[in-house]
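Q: Before we discuss any single feature, could you show me the model and take me through how one reads it?

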Amino acid sequence: MSDPLSKLQFKEGKSEGNNFIKFAAGQSVKLRVFTTNPTIHVNAYGKEQISFAVWNYDEDKAMILSKGPSIARQISQLHQDEDFGADITKTDIKISATGEGMDREYSVNALPKSMDITANQLEALEELDKNLSKIFKGSVRAEEYNNGIKPQVFADAEEVTQDTLADMPIVTGK
């Protein structure tokens, strides 16, 4: 496979807001990842995060999954796995969180049956994906990152959410 997600080199390192996926210990979230050229940015704590446009089936809307390399690495592995069609954009996944604080761990599992994505969902995902670089100031896409271009430090994600996402329409699947 030769797309940027397949080639992404992960570095260890953790952003939440109204349009960001949040995880609670013992709960899982069902998603469809749309982004195969995610953004990489540096959060307010100096840690690199990888951000994807995803469809959150639980909330029935396009959202941002922005976490460190542990989740992104698992998504990349599923994206390259021939047993799942080697295309994460056609595979529904479930992400579960266990533990609290520094002991939090995430598991990403492909679901045996994926739902169909509607035209409205696809439109919302395309719009969100297109705007990821604007949402995360100083970010770079995986393709640039893989070519040695590093992200700049950006403002806290809460500020970005308030300023940048306020004008973006949120399209739900309904």
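The dialogue below goes from the overall fold to helices, a hairpin, the cores and two single residues.

Q: What pattern does the protein follow when read along the sequence?
A: One starts by listing the secondary structure elements in order, bearing in mind that this is a predicted model. The protein has five helices and seven strands, and along the sequence they follow the pattern α-β-β-β-β-α-β-β-α-β-α-α. Of its 174 residues, 49% are buried.

Q: How many residues does H3 have, and how far does it reach from its first C-alpha to its last?
A: The general idea is to compare the end-to-end distance of a helix with the span expected at 1.5 Å a residue. Helix H3, residues 119–135, has 17 residues and reaches 23 Å between its first and last C-alpha, which is close to the expected 24 Å. H3 nevertheless contains a kink of about 30°, centred on Asp-129. For H2, with 12 residues, the expected span is 16 Å and the end C-alpha atoms are 16 Å apart, so the two values agree.

Q: Which residues of H3 are buried?
A: An α-helix has 3.6 residues a turn, so residues three or four places apart point the same way. In H3 the buried residues are Gln-121, Ala-124, Leu-125, Leu-128, Asp-129, Asn-131, Leu-132 and Ile-135, and Asp-129 is also the centre of the kink. The buried residues of H2 are Pro-69, Ile-71, Ala-72, Gln-74, Ile-75, Ser-76, Leu-78 and His-79.

Q: In what sense do E3 and E4 pair, and over how many bridges?
A: For a pair of strands one asks about the direction, the bridges and the connection. E3 and E4 pair in the antiparallel sense over seven bridges, with Phe-52 standing opposite Leu-65 in E4. The two strands form a hairpin with four residues between them, and Asp-60 in the turn has a positive phi of about 55°.

Q: Why is E4 described as largely enclosed by the rest of the structure?
A: The argument rests on burial, for which the cut-off is under 20% relative accessible area. Seven of the seven residues of E4 are buried, so the strand is largely enclosed by the rest of the structure. Both faces are covered, with Lys-61, Met-63, Leu-65 and Lys-67 buried on one side and Ala-62, Ile-64 and Ser-66 buried on the other.

Q: Which residues have the most contacts inside the largest nonpolar core?
A: The largest nonpolar core has 25 residues, and those with the most contacts inside it are Phe-23, Leu-65, Ile-75, Ile-93 and Ile-95. Among the elements that each supply at least two residues of this core are strands E1, E3, E4, E5 and E6 and helices H2 and H4, while the largest share, four residues, comes from H2. A second, separate core of 12 residues includes Phe-20, Leu-128, Ile-135 and Phe-136.

Q: Is Arg-32 buried or exposed?
A: Here one reads the accessibility first and then the partners of the side chain. Arg-32, which lies in strand E1, counts as buried because its relative accessibility is 6%. Its side chain reaches the backbone oxygen of Thr-89 at 3.1 Å and that of Met-115 at 2.5 Å. Beyond its neighbours within four places in sequence, Arg-32 is in contact with residues including Trp-55, Tyr-57, Asp-92 and Ile-117.

Q: Where does Ile-40 lie?
A: Ile-40 lies in strand E2, residues 39–42, and is buried, with a relative accessible area of 2%. The C-alpha atoms of Ile-40 and Arg-141 are separated by 6.1 Å, although these residues are 101 residues apart along the chain.

Terms used
Residues numbered from 1 in each chain as written. Predicted model: local features only at pLDDT ≥ 70, side-chain atom pairs only at ≥ 80, totals over all residues. Heavy atoms only, no water. Bend = angle between axes of the 7 residues up to and from the residue. Buried < 20%, exposed > 50% of the residue type's maximum accessible area, 1.4 Å probe, protein only. Core = buried A, V, L, I, M, F, W, Y, C linked by side-chain atoms within 4.5 Å. Pairing = 2+ DSSP bridges. Polar contact = N/O pair within 3.5 Å; in protein donor to acceptor, adjacent residues only side chain to side chain. Contact = heavy atoms within 4.5 Å.
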